[in-house]
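Please open the structure in your viewer and keep the selection panel at hand, as this tour moves from one selection to the next and says what is there.

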Amino acid sequence: MKNDQNKLRESFEQAASIYQQARPDYPEDLLNDLLRVTHLKAGNRLLEVGCATGKATLPLAQRGFNITCIELGAELAATARRNLAGMNVNVINGNFEVWQPEAGDGYDLVFAATAWNWIDPEVRYRKAWQALRPGGHLAFWNANHVFADEGDPFFVDIQDVYHEIGEGKPVEDNDWPRVGELQEQVDEIEASGLFEVVHLRHFDWERIYHVEAYIKLLETFSGHILMEEWKRDKLFGEIRARLHKRADQSVRRHWGAVLHVARRRD
């Protein structure tokens, strides 16, 4: 199972050229909420775990923070450096689980945007604790697909194709979370003994994707990246055919995130 997890984790490297454009921006409200809770100021030192191409890094760097990023993928790290050129950001190509911070005062914030769940749960809290200054904060969130009552029926309708190619999931599966019902990780954080949860908040937003933009988005998901070529060709062909029949040739996708903020225990 761990080898499968590593394979999925490493697959994002194949999407380095399209990730920044295809993946959604995080809500301004989420970033503002993070800064309000942590009382961060321009010039503070931030450590990002798994920056990918800099989706969360860029808006925080624009706010004047000094950011160090640890990114596993060499292509992703190189793309992030280009996207963040001229800003006070240092992108290190490496594995967070084995990376060692330089001696110093420690970071004010360790954060991860749609990356924390890919880090070894036996290691991640201890490593974050070690990197932080006393009183520093850990924050993480994921961008997940959530399903609103008034949401687009396309995602349920297209499941017949996923099932046909052997990649379907049951409707009762927990991969169909409703708005405000994404999994919270408070118990896990507290169980580490290293952090005290100080803030938790759910966010949701919607984006409209035209046909090719939606295909590009799917091409950044590990399950689709590693899908056999014939399956991907059939799936994408059917998605194109169905969306082209719509008047606006687009699909509405609802996103959700749970912002977790915890303070380092000393």
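**First stop: helix H6**

Select helix H6 and its surroundings: the buried residues of H6 pack against strand S1 (45–49), strand S4 (107–113), strand S5 (132–141), helix H9 (186–191) and strand S7 (195–210). Here a contact means heavy atoms within 4.5 Å, while buried means under 20% relative accessible area, exposed over 50% and partly exposed in between, with a 1.4 Å probe and protein chains only. Helices (H or I, at least four residues) and strands (E, at least two) are DSSP runs, numbered from the N terminus.

This is a predicted model, in which local features need pLDDT of at least 70 and side-chain atom pairs count only at pLDDT 80 or more, whereas totals for chains, interfaces and linings use all residues. Residues are numbered from 1 along each chain as its sequence is written, and side-chain values use heavy atoms, with hydrogens and water left out.

Now narrow the selection to residues 124–131, which form H6, and colour its buried residues Arg124, Tyr125, Lys127, Ala128 and Ala131. They cover an arc of only 165 degrees around the axis, which puts them on the same side of H6; the arc is that of the directions from the helix axis to the C-beta atoms.

**Second stop: phenylalanine 155**

Move next to helix H7 (residues 154–157), where phenylalanine 155 lies. Is phenylalanine 155 buried or exposed? Its relative accessible area is 6%, so phenylalanine 155 counts as buried. Leaving aside residues up to four places away in sequence, phenylalanine 155 touches His145, Phe147, Trp176, Tyr214, Val251, Arg252 and Arg253. Draw a line from phenylalanine 155 to tryptophan 176, and the C-alpha to C-alpha distance is 9.9 Å, with their positions 21 residues apart in sequence.

**Third stop: two loops**

Most residues other than glycine have a negative phi. Select alanine 52, in the loop between S1 and helix H4 (57–61), where phi is near 55 degrees, a positive value. Alanine 52 counts as buried, at 10% relative accessibility. Then select glutamine 249, in the loop between helix H12 (229–244) and strand S8 (250–264), where phi is near 50 degrees, also a positive value; glutamine 249 is partly exposed, with a relative accessible area of 32%.

**Last stop: the whole protein**

Finally, select everything: the protein has 12 helices and 8 strands, and along its principal axes the C-alpha trace spans about 60 × 35 × 35 Å. Buried residues make up 50% of the 266 residues.
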